[in-house]
Amino acid sequence: MIVVNIRIRCSTLYPLALSLALLCQGMAAAGQNHLSLSANPPIGDPGIPDTLRIDYFAAGLGRQIIVPVRFFNDENLGALQIIVSYDTASLVIDSVSFLNTTVPGAQFVVLDSIAGKVNAGIFLSGVGVIPAQTGLFAELYLSQKGIPGPMAVIIDTTSIVLAGGTTIRTVFSASNPAVSIFPMFAGGVGEILNYVPGDADNNGKVNIADITFLIARIFNFGPPPPIPAAADPDGSCRINIADVTFLISRIFNFGTEPMVGCAE
Ligand SMILES: [Ca+2]
Ligand SMILES: [Ca+2]
């Protein structure tokens, strides 16, 4: 199995344009009443800049790509709405999961597979706040279309223009005072590498030479693996003796198939 590995470079920051954002599109889709995030004009972001971040992710052809979307806020929030775009030439959006989110509250998702946009939000309708934290907002589930060879994939922030002409953008809503906060965006450009899971020496085959290669590396006298994720067959995000054990089990035909690695 050939695997596509996508690395996120979190080196670029994009300040977002100021705008009043509304939850109306997502709320309508969720069967909720229209809700304005904030009736006040945006006043910027007090304290430490709030940040929206797309994390590292890895995936294989035919498997889902899981893209963690994280955020930082240093004030109490009442709602978050995050809008991102993806490359429709190479990716297909499957769903958005709030399963492991650190944010409690009502959730909505609108997927536009034609335009390649995801509009996802969480809001608190009653008392309570989303406290200051660095946390997971949601995970995007996408599939790779199966185009071989190295290529770039971009997950970026975007905006959506509603039928009435209102433009909605990524926004965090502070609960007290009620203001719209427009976070900085970190990351988004991915680099894709093709590899075979467990192929630690990157010669296209998984065999005993990969075990030798891993042992040499783990005991510090061998070269680093050309593609670290390929040398992480147990999918633990670390390269260690457990990967050697895993490959021994596999190669002698009583172990499971190597997993898509996540070591960096
Ligand atoms: Ca190999
Ligand atoms: Ca491992």
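Is Asn 220 buried or exposed? The legends below take up this residue along with several other parts of a predicted model.

**Figure 1. The whole chain, with its confidence.** Let's start with the overall picture: the chain has 3 helices and 17 strands. Of its 264 residues, 40% count as buried. Among the contacts between residues at least 6 apart in sequence, 76% join residues at least 24 apart. Mean pLDDT for the chain is 77, with 73% of the residues at 70 or more. Confidence is highest in helix H2, at 96, and lowest in strand E2 (residues 13–14), where the mean is 30. Over residues 1–42 pLDDT stays under 50, although the model has 118 contacts beyond four places in sequence for this stretch. Where pLDDT is low, the predicted coordinates should not be read in detail.

**Figure 2. The largest nonpolar core, which has 35 residues.** The members that touch the most others are Val 67, Val 69, Leu 80, Ile 82, Val 118, Phe 137 and Leu 142. Two or more residues each come from a list of strands that includes E3 (51–54), E5 (64–73), E6 (77–86), E7 (91–97) and E9 (117–123). Also on that list are E10 (133–144), E14 (171–175) and E15 (178–181). The largest share belongs to E6, which gives 7 residues. In soluble globular proteins, nonpolar side chains tend to be buried together.

**Figure 3. A close-up of Phe 137 and its contacts.** Which residues does Phe 137 touch, once neighbours within four places in sequence are left aside? They are Val 69, Arg 70, Phe 71, Leu 80, Ile 82, Thr 101 and Val 103. Val 69, Leu 80 and Ile 82 are worth picking out here, as they are also among the core members that touch the most others. Apart from this core lies another one, of 16 residues, among them Phe 213, Leu 214, Ile 227 and Ala 230.

**Figure 4. Strand E14 with its partners E6 and E15.** E14 is mostly covered, with 4 of its 5 residues buried. It pairs with E6 in the antiparallel sense over 4 bridges, and one of the bridge partners to look for is Ser 173 of E14, which is matched with Ala 79. E14 also pairs with E15, again in the antiparallel sense and over 4 bridges. Here Phe 172 has Ile 181 of E15 as its bridge partner. The hairpin formed by E14 and E15 has 2 residues between the strands.

**Figure 5. Helix H2 and its buried face.** H2 covers residues 208–218, and its buried residues are Asp 210, Ile 211, Phe 213, Leu 214 and Arg 217. Looking down the axis of H2, these buried residues fall within an arc of 160°, so they line one face of the helix. They pack against helix H3 (241–251). Phe 213 and Leu 214 also appear among the members of the 16-residue core.

**Figure 6. Helix H3, seen as the other half of the H2 packing.** The buried residues of H3 are Asp 243, Val 244, Phe 246, Leu 247 and Arg 250. Down the axis of H3, the buried residues fall within an arc of 160°, so they line one face of this helix too. What covers them includes H2. Just after H3 comes Asn 253, with a positive phi of about 70°.

**Figure 7. Two loop asparagines with positive phi.** Back to the opening question: Asn 220 is exposed, because 6 other C-beta atoms lie within 10 Å. Its place is in the loop between H2 and H3, and its phi is positive, about 70°, although it is not a glycine. Asn 202 sits in the loop between strand E17 (189–195) and H2. Its phi is near 60°, a positive value in a residue other than glycine. Asn 202 counts as partly exposed, because it has 16 C-beta neighbours inside 10 Å.

**Figure 8. Met 259 in the segment after H3.** Not counting residues up to four places away in sequence, Met 259 touches Pro 197, Pro 233, Asp 234 and Gly 235. The C-alpha atoms of Met 259 and Ala 229 are 9.4 Å apart, while the two residues are 30 apart in sequence. Is Met 259 buried, partly exposed or exposed? With 18 other C-beta atoms within 10 Å, it is partly exposed.

Terms used
Residues numbered from 1 in each chain as written. Chains lettered and ligands numbered in written order. Predicted model: local features only at pLDDT ≥ 70, side-chain atom pairs only at ≥ 80, totals over all residues. Core = buried A, V, L, I, M, F, W, Y, C linked by C-beta atoms within 7 Å. Buried ≥ 20, exposed ≤ 12 C-beta atoms within 10 Å, placed from the backbone. Contact = placed C-beta atoms within 7 Å. Arc of directions from axis to C-beta. pLDDT = per-residue confidence, 0-100. Pairing = 2+ DSSP bridges.
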